[in-house]
Amino acid sequence: MSKSAPRILVARIWHESNGFNPQPTSKADFQICEGDELLAAAVTSGSTLAGIIQQLSKEQVDILPSISAVAPPGGLVDHAFFIEVKERLISDAAALEPDAIALELHGAMATTLLDDAEGDLLAGVRAAVGETVPIGIGLDLHAHVTVAMLAAVDLCIACKENPHSDVVECGEKVAAYLLAMLNGSLRPVTAMAKIPMILPGAAETAAGPLREIHDQARLATKDCPAIWDVSLFNVFRYADDEDIGQAAVVLTNDAGQKGELVAHSLAQAFWEKRVRFADELLSIGEALNTVAEAGSRRPFVLADMGDRVLAGAPGDSTAILEAALDRQDGLRGAIPITDPQAVDIAFKVGLGNIVSCAVGGRVTPGFRPLSIAGKVIHLSSGDFTLAGPFQGGEPSSMGRTAVVEIDDRLLIVLTAKAAFSHDPAVFTSQGIELASRDFFVVKSGYHFKLNFGAAATPLLVRTPGVGYYTKGSLSYRRARFWPEHDNGDPAVHVRIFDRASAYSAAFG
Ligand SMILES: [Zn+2]
């Protein structure tokens, strides 16, 4: 390595693509920034990219910003847009000739033509820069990690907590380990073990079987200095790709055999604990009864599990709205529903006037629009900044947004685009104070707990849609896994990715 400051290219391409949402995710759904704007945003944002940049800023490093493209989870990414972003990243990597590359990716992106978009992207970046430029990726722990991805990179590190309270730390680790590679103290050999199963439930890391497996991983790291990181990937359940499964990815300093043993035992632990991965959800009626009866715990936040935009669902479910409209107890709620047609009508009717129209139910299979009438009380561009901590400081957009009030009790937040609705700013940016409502509906199952914090009581609600897995409810074409398919007692598959040998010549 030369004595001059290393030059490290940074970028982010972030999307979690739900193969069962019929509406593709287009360029217009992405927030895109580049250059100095990308660096400035990283100062305050709660993201893996921010962690990468903050860590690199502590060292003598020239940071080379490329591009950041982030959209809320949704349907498959428009392939032409994916190619546009991929070519941008590859041309930057080729032209700038960085000493290393640090990327934030979600790790479960698919396009209208590609099941493993990140595998394709990373293979392209590797081909552009050659074998001896270290590439590190920081991923969401719900990534679908593939052989193609790991074959192209040196470091593959996930956040460890769900809800994702530690994404900044994940980025810091990616950056620190890339620098360790450049100074010759890390020769990465990675082992990945996979077992073909998903987690049907109990997907939070603070307690239960996942906590136990993370404890096992922490113990393995503590016992063996050659293990630098253990990342446990709880595969995105709505990725319809071959080879999906729970994955343990163990990064070692030139100790592949040890990594293989640890990865294997962690993947096996998922299988042994499989029947305990189950959720206890409330029906819609039970959830609204709880809101009605437990006044001192208001406001509540009801997670619309079937329509989780945070899992790529369309955000247009009317299930909770319909149930709330039927009640006579006057509960005051706020419910986001994505429907650009209804938004257009509300804007035409105008502020302060009564709108009668059908809302939601146009995209999610099995739903129909629901007729409502109410007063338009707020109109906006729908641009807002996430409060965080998860993704705090990130600019986001719901598209044009109209708030419609029904019977002086229910507020429908009609958005033109599906939004990151795990954050209270979705509501406060539209003039809806948290204290003014008995309940809020969010299209998130985990992260809303982090971002609403103590301001509201969470309830997980069993609702229909493409954002919550139940056996037999979704038609998988390629993926084969427990519990959807009977695959007997499947073997753990382990692969070693030995990048150390690629660097021997370069770094000695
Ligand atoms: Zn996640």
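These are my notebook entries on the domains, two sheets and selected helices of this predicted model.

**Entry 1: domains**

I began with the division of the protein chain. Domain 1 comprises 7-277 + 492-507, and domain 2 covers 284-461. I noted a separation of 32 Å between the C-alpha centres of domain 1 and domain 2. I then looked up their contacts: 30 residues of domain 1 touch 26 residues of domain 2. Between the two domains an area of about 2100 Å² is buried, and carbon and sulfur atoms give 54% of that area.

**Entry 2: the six-stranded sheet**

I turned next to an open sheet of six strands, whose order is 2-3-1-4-5-6 and whose pairing is mixed. Its edge strands are strand 2 (31-34) and strand 6 (155-158), each pairing on one side only. On average, neighbouring strands of this sheet are turned by 15° against each other, direction ignored. Helix 4 (residues 117-129) packs on the sheet and touches strand 1 (7-14), strand 4 (100-105) and strand 5 (135-139). The direction of helix 4 makes about 170° with that of strand 4.

I examined one pairing in detail. Strand 2 and strand 3 (residues 62-70) are antiparallel and share four bridges. In this pair, Q31 is opposite V70 of strand 3.

**Entry 3: helix 6**

I followed helix 6 (residues 167-182), which has 16 residues. From its first C-alpha to its last it reaches 23 Å, close to the 22 Å expected at 1.5 Å a residue. Helix 6 lies across strand 1, strand 4, strand 5 and strand 6, and runs at about 160° to strand 6.

Why is helix 6 described as largely enclosed by the rest of the structure? I found that 12 of its 16 residues are buried, so the description follows from that count. Among the buried residues are V167, C170, G171, Y177 and M181. Just after helix 6, G184 has a positive phi of about 85°.

**Entry 4: the four-stranded sheet**

I then located an open sheet of four strands in the order 8-9-7-20, with antiparallel pairing. Strand 8 (227-233) and strand 20 (493-498) are its edge strands, and each pairs on one side only. From one strand to the next, the twist averages 15°.

Strand 8 and strand 9 (residues 246-253) run antiparallel and are joined by six bridges. I recorded V249 in strand 9 as the bridge partner of S231. Finally, I noted that helix 8 (residues 256-272) lies across strand 7 (188-195), strand 8, strand 9 and strand 20. Helix 8 runs at about 20° to strand 7.

How values were computed. Residues are numbered from 1 along each chain as its sequence is written. This is a predicted model: local features need pLDDT of at least 70, side-chain atom pairs count only at pLDDT 80 or more; totals for chains, interfaces and linings use all residues. Side-chain values use heavy atoms; hydrogens and water are left out. Helices (H or I, at least four residues) and strands (E, at least two) are DSSP runs, numbered from the N terminus. The expected span of a helix is 1.5 Å times one less than its number of residues. Buried means under 20% relative accessible area, exposed over 50%, partly exposed in between (1.4 Å probe, protein chains only). Two strands pair if DSSP finds at least two bridges between them. Axes are lines fitted to C-alpha atoms, for helices over the stretch in contact, and angles run from 0 to 180 degrees between N-to-C directions. Contact means heavy atoms within 4.5 Å. Domain bounds come from an automatic or database domain assignment. Buried area is the accessible area (1.4 Å probe) that two parts lose on being put together, summed over both.
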